[in-house]
Amino acid sequence: MAEEKVILVNEKDEQIGLMPKMEAHEKALLHRAFSVFVFNDKNQLMLQQRALTKYHTPGLWTNTCCSHQREGESNIAAGKRRLMEEMGFVTELEEKTSFIYKAPFENGLTEHEFDHIMVGYYNDEPNINKDEVEAWKWMSLDEVKVDIELHPELYTAWFKIIFEKFYEFIKH
C-alpha cells in the first residue's frame, strides 16, 4: 500500500501540493490536519491514548482522534472517517476554529500543521482500533487541565497547545 499523502498548505490554508506523510514530517513542512474532541452528556471529553506502536508520541494521551485530510476531502468528512477508523464510531462534527503549530519530536520528525479543531457528542463506548489506540477514558475538562499541569509529559504537544490556547472553543 502506498504511503498516505498529506496536503501541503500555505498560512492561509490554501493547498500548494501533496507529499508523503513521513517526508512532510521529516522536512517540517506545513500541512493540513485536524483534531476531534468528542464530549458526552456529562460534559466529559473522550481521550485516547495513542497506540504504543505509533511512529511519534506513542502511548501519550490526546484528544478523541486526529489525523490528516485527504486530497478533495472536507474537514468534517475527514474527521468522521478517522473517528470511525480509530474509535469505531461516527457522530456529527462541527468545526470550531483552526491554528498553526510546530512541534519537533525526539525522533527527528516535526509536526508543522494547520490544525482544524472539531467538536462532536457521543455517549456510548467506542470500539477502539488497537493498531491506533492503546486505551481511552472520559475526563472532565477541569480534570484534564489539572492532570496536564501535574503530568505534562503524558500528553501530546498539540493537545496541550489546543487546551492552553483554544480552551474557549472546545468547552461548552
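**Pockets and a one-sided helix**

The largest pocket has a volume of about 450 Å³. Here a pocket is an open set of points on a 1 Å grid over the protein atoms alone, where a 1.4 Å probe fits, with protein on both sides within 12 Å along at least five of seven lines; lining residues have an atom within 4 Å of a point. Volume is the space filled by probe spheres set on the points. The lining comprises 26 residues, and Lys21, Lys54, Ser67, His68 and Arg82 are the closest to the pocket centre. Two or more lining residues come from each of helix H1 (21-27), strand E3 (31-39), strand E6 (65-67), helix H2 (75-87) and strand E8 (110-121), with H2 giving the most, four residues. By class, 14 lining residues are charged, nine nonpolar and three polar.

This is a predicted model, in which local features need pLDDT of at least 70 and side-chain atom pairs count only at pLDDT 80 or more, while totals for chains, interfaces and linings use all residues. Residues are numbered from 1 along each chain, and side-chain values use heavy atoms, without hydrogens or water.

The second largest pocket, of about 170 Å³, is lined by His56, Thr57, Pro58, Leu60, Pro104, Phe105, Glu106, Asn107 and Ala157. Five of these lining residues are nonpolar, three polar and one charged.

Helix H4 (residues 157-165) has Trp158, Phe159, Ile162 and Phe163 as its buried residues (under 20% relative accessible area, 1.4 Å probe, protein chains only). Viewed down the H4 axis, these fall within an arc of 130°, so they line one face of the helix. The face turned away from that buried side carries Glu164 and Lys165, both exposed (over 50%).

Note on methods: Ala, Val, Leu, Ile, Met, Phe, Trp, Tyr, Cys and Pro count as nonpolar, Asp, Glu, Lys and Arg as charged, and the others, Gly among them, as polar. The arc is that of the directions from the helix axis to the C-beta atoms.
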